[in-house]
Amino acid sequence: MTSPASDNPFLRYRTRLDSYSFAIAAGWSDADFVSLVQRLDAAVAETEGHGFEATPLVAAPDLATACAIDGKLWIKDDTGNVGGSHKARHLFGVMLALAVRGQDSGELAIASCGNAAVAAATIAHALDRRLRVFIPTWADPDIVALLESLGARVEIVERHRGEAGDPTYLRFVEAVDEGATPFSVQATTTPTTLDGGRTIGWEIADQLPGSGRVRLLVQVGGGALASSAWMGLQHGNPERDDMLHAVQTEACAPLFRAWRLLTADLGGMLDVELGDDSASRAASLADRGSEARRLMTDHPDRYMWPWEPVGTSAATGILDDVTYDWPTVVGPTVASGGWPVVVSEAMVLEAYRLGRSHTDIDVDATGTAGLAGLLDPATRDSMKTEDHVVVLFTGRRRG
């Protein structure tokens, strides 16, 4: 096997990637795949100024004290990644999969007005691919200007009368139906997006010192970050006593609603008495992930539909009206004994203040939203001294 001297996660963990498995099955050598990663990464570096490297896991004892938790608090800092967030990991993984399959031409499409759009435009520009970006009418003009400077075709979308759901996503689906290749961070439309996302969890597992239970708190919009980071963290050791907490804002919490409905059904089916608070409800259904997955598969529309009306929040990047990848978040949440946390806007803003004042990370409010979950008393009080509490700071502040 080739041994490239690189800290690039797509090289270090390549044998775990689905795109690698597909390449080897198609007759590629290991050296062929390494060459592909190096070529694409070099093109990204030409546009971005640097390519992909493992991002730091930072101990944050002062922040832990400020949040009044006893456990060891760690921050996975992806703000210095390509495109200023974790999103480029997902999309580089998608681009690898397309390249391995010989799909290296044609138009790409995404619905986003934030970090996902910037990441998509960065990768597409670097690899000379046409990209359509569907954005809402209220998109940040600075983001729009950046997208256009990267050569993206930006299309502003207004809601059609009588339409339910995110109109930018609906126009994205129409574009895909017309022949565009989905270049999205939602696994429902772009399953290969999970490949690159798992590198976050693989890195965390390698970077954490010693042993002890991991409590992973992840801000959730579409859900692919939480599901892929969890998959990576659990790689090779799915029986670890880790726990997943998905964090949403009260302005838009379709995942929490789905979890409440599903756990109510699960409790009835198993004849388990559920407590009113999330922690006791979660504890009584821990290890019931297989039953939860069966219910979600059989009755998806009972648990997930668009949240209306979507409120406002400083954490604009997690206001997806549908948690697109909800089964792969709810299932592990139930199985691990974790629970979704809904935070108030005051908590969102306080987490942003604390994250900025107790670290030197130039992170935005969406990027600190997972930390807001620690400001919820029930979640905070459930932490134990021996726990490794991990939050993801995922987006660089812009402007």
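## Six-stranded sheet

Two strands count as paired if DSSP finds at least two bridges between them. The model described here is predicted. In it, six strands make up an open sheet with the order 1-2-10-7-8-9 and mixed pairing. Strand 1 and strand 9 (341-343) are the edge strands, each pairing on one side only. From one strand to the next the twist averages 25°.

Strand 1 (residues 57-59) and strand 2 run antiparallel and are joined by three bridges. Within this pair, Ala59 stands opposite Trp74 in strand 2. Strand 2 also pairs with strand 10 (residues 388-393), here in the parallel sense and over six bridges. Asp77 stands opposite Phe393 in strand 10. Strand 2 (residues 72-77) is largely enclosed by the rest of the structure, because five of its six residues are buried.

Towards the other edge, strand 8 and strand 9 run parallel and are joined by three bridges. The bridge partner of Thr249 in strand 9 is Val343. Helix 10 (residues 224-233) packs on the sheet and touches strand 7 (214-219), strand 8 and strand 10. The direction of helix 10 makes about 160° with that of strand 7. Angles over 145 degrees count as roughly antiparallel, so helix 10 is roughly antiparallel to strand 7.

## Four-stranded sheet

A further open sheet is formed by four strands in the order 5-4-3-6, with parallel pairing. Its edge strands are strand 5 (153-157) and strand 6 (181-182), and each pairs on one side only. Strand 3 (residues 108-111) runs parallel to strand 6, and two bridges join them. Leu108 stands opposite Thr181 in strand 6.

Leu131 lies in strand 4 (residues 131-136). With a relative accessibility of 3%, Leu131 counts as buried. Apart from neighbours within four places in sequence, the contacts of Leu131 are Leu108, Ala109, Ile110, Ala120, Ala121, Ala124, Ala152, Arg153 and Phe183. The C-alpha atoms of Leu131 and Val390 are separated by 34 Å, and these residues are 259 residues apart along the chain.

Thr168 is found in helix 8 (residues 167-177). The relative accessible area of Thr168 is 4%, so this residue is buried. Leaving aside neighbours within four places in sequence, Thr168 is in contact with Ala111, Phe134, Ile135, Pro136 and Val157.

## Helix packing

Two packed helices are described by the angle between their axes and the distance between the axes. Helix 2 (residues 18-25) and helix 5 (residues 87-100) pack at about 10°, and their axes are 9 Å apart. The two helices, helix 2 and helix 5, are therefore roughly parallel to each other. Ser19, Phe22 and Ala23 in helix 2 meet Leu96, Ala97 and Val100 in helix 5. By class, the contact of helix 2 with helix 5 has five nonpolar residues, one polar and no charged.

Helix 11 (residues 254-270) and helix 15 (residues 327-336) have axes that come within 11 Å and cross at roughly 50°. Helix 11 is therefore oblique to helix 15. The crossing of helix 11 past helix 15 is right-handed. From helix 11, the residues Leu255, Trp259, Leu262, Thr263 and Leu266 meet Val329, Val330, Thr333 and Val334 of helix 15. The contact of helix 11 with helix 15 consists of seven nonpolar and two polar residues, with no charged residues.

## Buried helix and loop positions

Helix 9 (residues 193-207) is mostly covered, with twelve of its 15 residues buried. Among the buried residues of helix 9 are Asp195, Arg198 and Glu203, which count as charged. Trp202, Ile200 and Leu194 are also among the buried residues of helix 9.

Ala251 lies in the loop between strand 8 (243-249) and helix 11. The relative accessibility of Ala251 is 11%; buried means under 20%, so Ala251 counts as buried. Outside its neighbours within four places in sequence, Ala251 is in contact with Trp307, Pro309, Val310, Gly311, Thr312, Ser313 and Leu319. The C-alpha atoms of Ala251 and Tyr13 are separated by 37 Å, and these residues are 238 residues apart along the chain.

Methods: Residues are numbered from 1 along each chain as its sequence is written. This is a predicted model: local features need pLDDT of at least 70, side-chain atom pairs count only at pLDDT 80 or more; totals for chains, interfaces and linings use all residues. Side-chain values use heavy atoms; hydrogens and water are left out. Buried means under 20% relative accessible area, exposed over 50%, partly exposed in between (1.4 Å probe, protein chains only). Axes are lines fitted to C-alpha atoms, for helices over the stretch in contact, and angles run from 0 to 180 degrees between N-to-C directions. Angles under 35 degrees count as roughly parallel, over 145 as roughly antiparallel, 65 to 115 as roughly perpendicular and the rest as oblique. Contact means heavy atoms within 4.5 Å. A crossing is left-handed if the near helix is turned anticlockwise from the far one by less than a right angle, and right-handed if clockwise.
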